[in-house]
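Here's a quick briefing to read with the model open in your viewer. Grab a coffee and follow along, topic by topic.

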Amino acid sequence: MELPSIQQLTYLVAYARTGNFTQAAQTANIAQSTLSAQIQKLEETVGASLIERTRKSSHLTPAGVLFAERAAEILGRLAETVALMQEQAAAPVDLHIGVLRTLGDVLMNRHVAHFSEQNHGLTLCIYDMEEEEILAGLKNEHIDLASAYLLRREEFAGYEVVPFARDDLICYAPNLRAADAGAVSRAELAKLPLIAYPSKYFIQDTVAGYFCAGGVTPTVCARLSTPYAMIRYAAAERACALLPHRLLAELGHTECAFPLDPPLSITAVLIYKKNAPKRRAIHTFVDYICGYWAAQGEEQR
């Protein structure tokens, strides 16, 4: 009996997750024509129509829904088995970690060398990602876990979400306030030229809610997507930005950074699939990060 290839199963699962040939091909990093042809060969092998195609759209048939579910289970078990064999053979394991762009990947990069020294055979691969990229990366298993802020919780019903730190957002304004100035009130902040995040970013919703709660509207002078770009812009222009205190401290930019009154903080979390194939390696990393920041909190107290 002829059996489907792993690639064919992977392509069908990618289609089932996206519901779209174009997006599935992008997820699989192949041409759409190749993906479509391989799925057609899969249909010939199993002797059933898996996708109903029309000129304007396409969708899984009942047989396709069942087969895609079984294929996802098979691929998941296969990945688990490979990870298990690697662990038993002490083979090197790469742990792919997506870091939310607005969080700042430098906060994760600092752990790479120290973690690898303590955990031989585990290599961290760090990716700077937007919120939507993190969601897609976790679903498609292009990353094993993510370091992010507590995003829209409904998106992560099937994931483990582990809080590890609280980030205080503070006002970075090197050209607008004296270095010895005190906390910035919400009313004062609303009058300063503010560098904001793109409107689609989760953190921008949080910042907008902060101003809304005080009945004030910020004066936005620019929208930039990375904290590093915001720091450079604020240093060159008369503008301010709301940035994580941890990040500014790591980069040595706390001299002209001011606390907010009232304060604004966000929970930093690690996110991963509950039944991730590399869960032993993931748990090792999660325990390390949580332990590290717990120790930092004890030192500060």
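Pro262 sits in the loop that links β12 (260-261) to β13 (264-273). The peptide bond leading into it, from Asp261 to Pro262, is cis, with omega near 0°. Keep in mind that this is a predicted model, so treat what follows as a description of a prediction. The rest is grouped below.

**The chain overall**

- The chain has 301 residues, and 44% of them count as buried.
- Its secondary structure adds up to 11 helices and 13 strands.
- If you're setting up a box, the C-alpha atoms take up roughly 75 × 50 × 30 Å along the principal axes.
- The accessible surface of the chain is about 15,400 Å², and carbon and sulfur atoms own 51% of that.
- Looking at contacts in the chain with a separation of 6 or more, 76% come from residues 24 or more positions apart.
- On the charge side, there are 27 positive and 33 negative side chains, and the centres of these two sets lie 4 Å apart.

**Backbone oddities**

- As background, most residues other than glycine have a negative phi, and most peptide bonds are trans.
- The cis bond from Asp261 to Pro262 is one to check against that background.
- Asn29 isn't a glycine, yet it has a positive phi of about 60°.
- You'll find Asn29 in the loop between α2 and α3.
- Asn29 has a relative accessibility of 70%, so it counts as exposed.
- Glu141 also has a positive phi, about 60°, and it isn't a glycine either.
- The loop holding Glu141 runs between α6 (131-139) and β5 (145-149).
- With a relative accessible area of 38%, Glu141 is partly exposed.

**How α2 and α3 pack**

- Two packed helices are described by the angle between their axes and the distance between the axes.
- For helix α2 (residues 21-28) and helix α3 (residues 32-46), the angle is about 100° and the axes are 8 Å apart.
- That makes α2 and α3 roughly perpendicular to each other.
- On the α2 side, the contact is made by Phe21, Thr22, Ala24, Ala25 and Ala28.
- The α3 side brings in Gln32, Leu35, Ser36 and Ile39.

**Buried residues in helices**

- Which helix holds Phe115? Phe115 belongs to α5, which covers residues 106-118.
- Phe115 is buried, at a relative accessible area of 0%.
- Setting aside residues up to four places away in sequence, Phe115 touches Leu122, Leu124, Thr284, Phe285 and Tyr288.
- For a distance to try in your viewer, the C-alpha atoms of Phe115 and Leu224 are separated by 31 Å, with their positions 109 residues apart along the chain.
- Ala83 is part of helix α4 (residues 62-88).
- Ala83 counts as buried too, at 6% relative accessibility.
- Not counting residues up to four places away in sequence, Ala83 touches Pro277 and Lys278.
- Ala83 and Gly209 are 126 residues apart along the chain, and their C-alpha atoms are separated by 43 Å.

**Buried residues in strands**

- Buried or exposed: what is Ala241? Ala241 counts as buried, with 0% relative accessibility.
- The strand that holds Ala241 is β10 (residues 240-244).
- Leaving out neighbours within four places in sequence, Ala241 is in contact with Ile170, Cys171, Tyr172, Leu194, Ile195 and Met230.
- Ala241 and Pro277 are 36 residues apart along the chain, with their C-alpha atoms separated by 39 Å.
- Phe164 is in strand β6 (residues 159-172).
- At 12% relative accessibility, Phe164 falls under the 20% cut-off and therefore counts as buried.
- Apart from neighbours within four places in sequence, Phe164 is in contact with Ser147, Arg246, Ala268, Val269, Leu270, Ile289, Cys290 and Trp293.
- From Phe164 to Asp261, 97 residues apart along the chain, the C-alpha separation is 24 Å.

Definitions and conventions: Residues are numbered from 1 along each chain as its sequence is written. This is a predicted model: local features need pLDDT of at least 70, side-chain atom pairs count only at pLDDT 80 or more; totals for chains, interfaces and linings use all residues. Side-chain values use heavy atoms; hydrogens and water are left out. Helices (H or I, at least four residues) and strands (E, at least two) are DSSP runs, numbered from the N terminus. Buried means under 20% relative accessible area, exposed over 50%, partly exposed in between (1.4 Å probe, protein chains only). Contact means heavy atoms within 4.5 Å. Accessible areas come from the Shrake-Rupley method with a 1.4 Å probe; for residues, only the protein chains shown count as cover. Lys and Arg count as positive and Asp and Glu as negative; His and the chain ends are not counted. The place of a charge is taken as NZ of Lys, CZ of Arg, CG of Asp or CD of Glu. Axes are lines fitted to C-alpha atoms, for helices over the stretch in contact, and angles run from 0 to 180 degrees between N-to-C directions. Angles under 35 degrees count as roughly parallel, over 145 as roughly antiparallel, 65 to 115 as roughly perpendicular and the rest as oblique.
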